[in-house]
Amino acid sequence: MYTLLIGNKNYSSWSLRPWLALRAAGIPFAEKKLWLDTPEFAAQLQGLTPALRVPVLLDEGFAVWDSLAICEYVAERHPDAGLWPSDARARARARSLVAQMHSGFGQLRSTLPMNVEASLPHVDASPAQADIDAVQALWRDTRVEFGGNGPFLFGRFCIADAFFAPVVSRFATYAIPAEGEARAYRDAVLALPAMQDWCRDARAEATFVAIDEPYRTHR
């Protein structure tokens, strides 16, 4: 069985991605939470990852770090899980979206950090408006072209949905308006049982971290 090292569920958007992909695909794993902003955090990662960040997947002692690398590793190990779309063009588009989410939308990340338990509609989201609009356009266009009869970006849940799940969480926290296909997609992700489990656990943590630059290195 895999072991997935994650950070606080309330804050760690990078941890949510592989956790959600594994859970939604029904791939068994053990979860080990390392509390952010503690003296023990880096010490527990020593020898596992030079990045000293979560998430980290352990497979019989072999460590894979970074949310994208973990998802790719698991998809290769479990081809029948359908973590990428089966159609070649849909799969290429899904990988493009994941790469864009993995490296982009910096203003959205910094202006609206993931904070599952909070309700912060009063926060000024305008600095991130361009990113918000771009994300929703990606959701709408992808659903129209590839969504078919399913509720997710490519019909059935895949890694691309796992990567946008932290953004969906931010939209809920900061009451970001969404309409049409974007709203339907947001609601489908929030209704996913695995996503609801993560959010329930996040609200139960009652452990809070200052939203500052050191924390943001672990997002």
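This talk goes through some local features of one predicted model.

I will start with the aromatic side chains. The count of aromatic pairs comes to eight. One of them joins Phe62 and Tyr73, with 6.2 Å from centre to centre and 35 degrees between the planes, and this pair is tilted. Phe62 sits in strand E4, residues 62-65, while Tyr73 sits in helix H3, residues 67-77, so the pair links distant parts of the chain, eleven residues apart. How do the two partners stand as to burial? Phe62 is partly exposed, at a relative accessible area of 49%. Tyr73 is buried, at 18%, because the limit for buried is under 20%.

Tyr73 also leads us to Asp59. The side chains of Asp59 and Tyr73 make a polar contact of 2.6 Å. Asp59 belongs to strand E3 and is buried, its relative accessible area being 11%. Which residues does Asp59 touch, leaving out those up to four places away in sequence? They are Tyr2, Tyr73 and Arg77. So on your screen, Tyr73 is a useful place to begin, since this one residue has Phe62 as an aromatic partner and Asp59 as a polar one.

Staying with rings for a moment, there is an aromatic cluster made of Trp139, Phe164, Phe171 and Tyr185. Elsewhere, a charged side chain is placed over a ring: Arg95 lies over the face of Trp84, 4.6 Å from the ring centre.

Next, the backbone. As a reminder, most residues other than glycine have a negative phi, and most peptide bonds are trans. Where does this model have a cis peptide bond? Val54 and Pro55 are joined by one, with omega at about 5 degrees. Pro55 is in the loop that runs between helix H2, residues 40-45, and strand E3, residues 56-59.

Two residues with positive phi come next. Asp37, which is not a glycine, has a phi near 60 degrees. It is placed in the loop between strand E2, residues 29-33, and H2. Asp37 counts as exposed, with 58% relative accessibility. For Glu60, also not a glycine, phi is positive and near 55 degrees. Glu60 is in the loop between E3 and E4, and counts as exposed at 79% relative accessibility.

Now the cysteines. How many disulfides does the structure hold? Zero. Take Cys71: the closest cysteine sulfur, in Cys158, is 10 Å from its own sulfur, and that is too far for a bond, because a disulfide needs the two sulfur atoms within 2.5 Å. Cys199 is in no disulfide either, and its nearest cysteine sulfur, the one in Cys71, is 17 Å away. Are these residues buried or exposed? Cys71 is buried, with a relative accessible area of 3%. Cys199 is buried as well, with 8%.

The last stop is Glu179. This residue is in the loop between helix H7, residues 159-173, and helix H8, residues 180-191. Glu179 counts as exposed, at 54% relative accessibility, because exposed means over 50%. Its C-alpha atom is separated by 9.0 Å from that of Gln136, and the two residues are 43 apart along the chain.

To close, three items to look up on the model: the tilted pair of Phe62 and Tyr73, the cis bond between Val54 and Pro55, and the aromatic cluster that includes Trp139.

Notes: Residues are numbered from 1 along each chain as its sequence is written. This is a predicted model: local features need pLDDT of at least 70, side-chain atom pairs count only at pLDDT 80 or more; totals for chains, interfaces and linings use all residues. Side-chain values use heavy atoms; hydrogens and water are left out. Helices (H or I, at least four residues) and strands (E, at least two) are DSSP runs, numbered from the N terminus. Buried means under 20% relative accessible area, exposed over 50%, partly exposed in between (1.4 Å probe, protein chains only). Rings of Phe, Tyr and Trp (its six-membered ring) pair if their centres lie within 6.5 Å; planes under 30 degrees apart count as stacked, over 60 as edge-to-face and the rest as tilted. A charge sits over a ring if NZ of Lys or CZ of Arg is within 6 Å of the ring centre and within 35 degrees of the ring normal. A polar contact is a pair of N or O atoms within 3.5 Å; within protein, one must be able to donate a hydrogen and the other to accept it, and residues adjacent in sequence count only if both atoms are side-chain atoms. Contact means heavy atoms within 4.5 Å.
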